[in-house]
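Visitor: I'm new to this one, so could you show me around and tell me how you know what you claim?
Guide: Sure, let's bring it up and start with one helix.

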Amino acid sequence: MNYLPASHRYDKMQYRRCGRSGLMLPAVSLGLWHNFGHVDSPGNIRNLLLAAFDAGITHFDLANNYGPPPGSAEENFGKVLRRDLLPYRDELIISTKAGNEMWPGPYGNSGSRKYLLSSLDQSLRRMGIEYVDIFYHHRPDPETPLEETMTALDQAVRSGKALYAGISNYPPKLVRKASAILHFLGTPCLIHQPRYSMLVREPEKGLLSTLEEGGIGCIAFSPLAQGLLTDRYLKGIPGDSRAARNHFLKKNSITPELLETVSGLNRVASGRGQSLARMAIAWLLRDPRVTSVLIGASSAGQLMDNIGALDNLEFSKKELLAIEKILSRESPMP
Ligand code: NDP
């Protein structure tokens, strides 16, 4: 059956300006780190992507190494694009990244111009598209001069293979340096992608203010702390969950203390008439410096639950205090 997107897809989603750029991003974006590899169900992959687009999610975030195996999330995204979404390419913001290990040898990792530009070419081939909307350096590389890495991002944009440049996992001092270089080159830094959630508060220690000053957008990854900030683990570790795979989310991170914190947050969420997942997303979006939250989902049901966060982004002082009190008992996650 030919796919026809929902005609109401732009009615409910909110769109926020990304820093001081002209680009608007959906308040909720979908990442393809997990659940989109060759090990996953092609039917579920298609369902998730189309359900997202039908709900007004215009932004899909990838990286060269997402899978498993590495590269397969881009290939699978490309398949759905060709089958269903290509007529709507101008309604989509597709991002990819290079910076982590992707292929063997000295040119398949880190921050060299050689690696970044050949990786971008590979990503475009895997997705079957001529350009990405945002190309990121995935993580800082202390061994490569920052000028070289930023010049490669600038080159990606000038060559038309990317429309905007972004950085991820950069600390505030390096953000300022990278942004100054990009500004000098004439390709302003559009966006930064940090890990940020109720359980990981690091960006509050200078990063968010740095981004605001620099006119750089912020898209918060792992806003649900990989699923910990939901009701997923309140009654044990489900067999089909990320923690059950014990790889990126370790079973032993689900301690009794953490579960106490999550149960407390869950009670605050219930009091607001929200699921914990929705409250965790709303809590991030209450800060106007956060352009978008970058969620993951293993089912269309989870995705729809998460988008429901937009129904209530307001917090009373009492609710915020109750959340802080619960979180102050939790030791920060690494
Ligand atoms: P989340 O914190 O949103 O975790 C997603 C997981 O939480 C899902 O796979 C699912 O786990 C569970 N979940 C989601 N919604 C619900 C719900 N409503 N109820 C119960 N459980 C739920 O984000 P991710 O860690 O997946 O990261 C999101 C994206 O961020 C990535 O895809 C990637 O694009 C980006 N990212 C970027 C990084 C970087 O270095 N720049 C690093 C990491 C991520 P389950 O599978 O168990 O059902």
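Visitor: Which exposed residues sit on the face of α8 turned away from its buried side?
Guide: That face carries P256, E257, R267 and G271. Exposed means 12 or fewer other C-beta atoms, placed from the backbone, within 10 Å of a residue's own; buried means 20 or more, and partly exposed is in between. Bear in mind that this is a predicted model, where local features need pLDDT of at least 70, side-chain atom pairs count only at pLDDT 80 or more, and totals for chains, interfaces and linings use all residues. Residues are numbered from 1 along each chain as its sequence is written.

Visitor: What makes α8 a helix of the expected span?
Guide: Helices are DSSP runs of H or I with at least four residues, strands are runs of E with at least two, and both are numbered from the N terminus. The expected span is 1.5 Å times one less than the number of residues. For the 16 residues of α8 (256–271) that gives 22 Å, and the end C-alpha atoms are 23 Å apart, so the two agree.

Visitor: Which residues of α8 are buried?
Guide: T261, V262, L265, N266, V268 and A269 are. They cover an arc of only 160° around the axis, so they lie on the same side of α8. The arc is taken from the directions from the helix axis to the C-beta atoms.

Visitor: What covers them?
Guide: The cover includes α9 (276–285) and α11 (317–328).

Visitor: And what follows α8?
Guide: G273, with a positive phi near 75°.

Key
Two residues are in contact if their C-beta atoms, placed from the backbone, lie within 7 Å.
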